Amino acid sequence: MKKLEKIGVQLYTVREYMQTETQIKETFQKLKQLGYDQVQTAGCAVPYDVFGALAADAGLEIVGTHDDFDMMCNDFAQAYGNHEHLHTKLMGTGGFGFGKTQNSKMYEEFAQKANAVGEKIAAKGGKFTYHNHSHEFVLLENGKTGMEILVEELNPETTSFVLDTYWVQNGGGDVRHWIEMLTGRIDILHLKDMKILADGTHAFAEVGSGNLYWDGILQAAQAAGVSYYVVEQDTCDGDPFDSLQKSSEYLHKNFM
């Protein structure tokens, strides 16, 4: 397996420290010091041009977004303009369908909208990206999961997946199997570990501190052509920067 050249951070991990221009500047500087060279947005609390400039000043590349899907559908020019300020060609959503009664039609209709957005992005050299959670692995009335429908319905030429290792595992999927199945269709892989607590429940963990088999996952990811490796930890037991430091140290020691 080749060594990873760079790793990134999904900024949702440090969302509490991304509310003002000063906070964003300080956070970007800390992430760079912790060994991260790339970031993926989780919305922008300041104007996009300011956000993009702050990332560039810190030496961080914005490799993708979790942004406003409705704007992408209804005002693509504005949405694309926002992404131009971030200097990224990957326009994405953090997911959909949260808390809804699921059925196959909702996934099919979403895929139609996403494909329409994807065509517009592809015309400008980019792609639309979709980030999964665990609810896409619920078995629906047609005998398929939402994830299977998305794989079938999303256009692989104009869309791609931000596959999340924790949520695949949490949803009962095999992480390496899904990476292999989506060969050529994963632009960003979320490196997110899962630990088992004493009461049998699952919890987020620093990369290398949980139960996921990272040697196998990263080997499969390289074979599948993953472009970006982005650490995300939805909740941390303490300071999220301490958690990101642990993940960075583990990845640098073992895979970089």
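Which residues of helix α4 (residues 76-86) are buried? The first legend answers this for the predicted model.

**Figure 1. Helix α4 and the residues it buries.** In the predicted model, the buried residues of α4 are Phe 76, Ala 79, Tyr 80, Gly 81, Asn 82, His 83 and Leu 86. Their cover includes three helices and two strands: α2 (48-57), α3, α5, β3 (61-64) and β4 (90-93). An α-helix has 3.6 residues a turn, so residues three or four places apart point the same way. After α4 comes His 87, with a positive phi.

**Figure 2. Tyr 80, a buried residue of α4.** Tyr 80 belongs to helix α4. Its relative accessible area is 8%, under the 20% limit, so Tyr 80 counts as buried. Beyond its neighbours within four places in sequence, Tyr 80 is in contact with Lys 89, Met 91 and Lys 124. Ile 217 lies 137 residues from Tyr 80 along the chain. The C-alpha atoms of Tyr 80 and Ile 217 are separated by 33 Å.

**Figure 3. His 87, in the loop after α4.** The loop between α4 and β4 holds His 87. Phi of His 87 is near 60°. That is a positive value in a residue other than glycine. Is His 87 buried or exposed? With a relative accessible area of 64%, over the 50% limit, His 87 is exposed.

**Figure 4. Phe 51 and the largest nonpolar core.** The largest nonpolar core has 68 residues. Phe 28, Phe 51, Phe 128, Leu 163, Ile 179, Leu 189 and Leu 191 touch the most other members. Helix α5 (residues 104-122) gives the most to this core, 7 residues. What does Phe 51 contact, leaving aside its neighbours within four places in sequence? Its partners are Leu 11, Met 18, Ile 24, Phe 28, Thr 41, Gly 43, Cys 44, Val 46, Ile 62 and Leu 86. Another core, of 5 residues, lies apart from the largest core. Val 63, Leu 90, Val 162 and Ile 188 are among the members of that other core.

**Figure 5. Thr 129 in strand β5.** Strand β5 (residues 127-131) includes Thr 129. The relative accessible area of Thr 129 is 0%, so the residue is buried. Neighbours within four places in sequence are left aside in the contact list for Thr 129. The list then holds Thr 65, Leu 90, Met 91, Gly 92, Thr 93, Ser 160 and Val 162.

**Figure 6. His 135 in the loop after β5.** His 135 sits in the loop between β5 and α6 (146-153). His 135 has 14% relative accessibility and counts as buried, because the limit is 20%. Outside its neighbours within four places in sequence, His 135 is in contact with Phe 96, Gly 97, Phe 98, Gln 102 and Tyr 107.

**Figure 7. The largest pocket.** Rolling a probe the size of a water molecule over the atoms shows where empty space is left. The largest pocket holds about 250 Å³ of space. Its lining has 13 residues. Leu 4, Glu 5, Val 226, Ser 227 and Tyr 229 lie nearest the centre. Helix α9 (214-224) and strand β10 (228-231) each supply at least two lining residues. By class, the lining has 5 nonpolar, 4 polar and 4 charged residues.

**Figure 8. The second largest pocket.** The volume of the second largest pocket is about 150 Å³. Its lining consists of Phe 69, Asp 70, Cys 73, Asn 74, Phe 96, Lys 100, Met 106, Glu 109, Phe 110 and Lys 113. Two or more of the lining residues come from each of α3 (69-74) and α5. The lining divides into 5 nonpolar, 1 polar and 4 charged residues.

**Figure 9. The whole chain, for context.** The chain has 10 helices and 10 strands. Its radius of gyration is 17 Å, close to the 18 Å from the globule rule for 256 residues, so the chain is as compact as a globular protein of that length. Along the principal axes, the C-alpha atoms fill a box of roughly 45 × 45 × 35 Å. Buried residues make up 52% of the chain. Of the contacts with a separation of 6 or more, 72% join residues 24 or more positions apart.

Terms used. Residues are numbered from 1 along each chain as its sequence is written. This is a predicted model: local features need pLDDT of at least 70, side-chain atom pairs count only at pLDDT 80 or more; totals for chains, interfaces and linings use all residues. Side-chain values use heavy atoms; hydrogens and water are left out. A nonpolar core is a set of buried Ala, Val, Leu, Ile, Met, Phe, Trp, Tyr and Cys residues joined through side-chain atoms within 4.5 Å. Buried means under 20% relative accessible area, exposed over 50%, partly exposed in between (1.4 Å probe, protein chains only). Helices (H or I, at least four residues) and strands (E, at least two) are DSSP runs, numbered from the N terminus. Contact means heavy atoms within 4.5 Å. On a 1 Å grid over the protein atoms alone, a cavity is a set of points where a 1.4 Å probe fits but cannot get out, and a pocket is an open set with protein on both sides within 12 Å along at least five of seven lines; lining residues have an atom within 4 Å of a point. Grid points are joined across faces, edges and corners, and a volume is the space filled by probe spheres set on the points. Ala, Val, Leu, Ile, Met, Phe, Trp, Tyr, Cys and Pro count as nonpolar, Asp, Glu, Lys and Arg as charged, and the others, Gly among them, as polar. The radius of gyration is taken over C-alpha atoms; the globule rule is 2.2 Å times the number of residues to the power 0.38.
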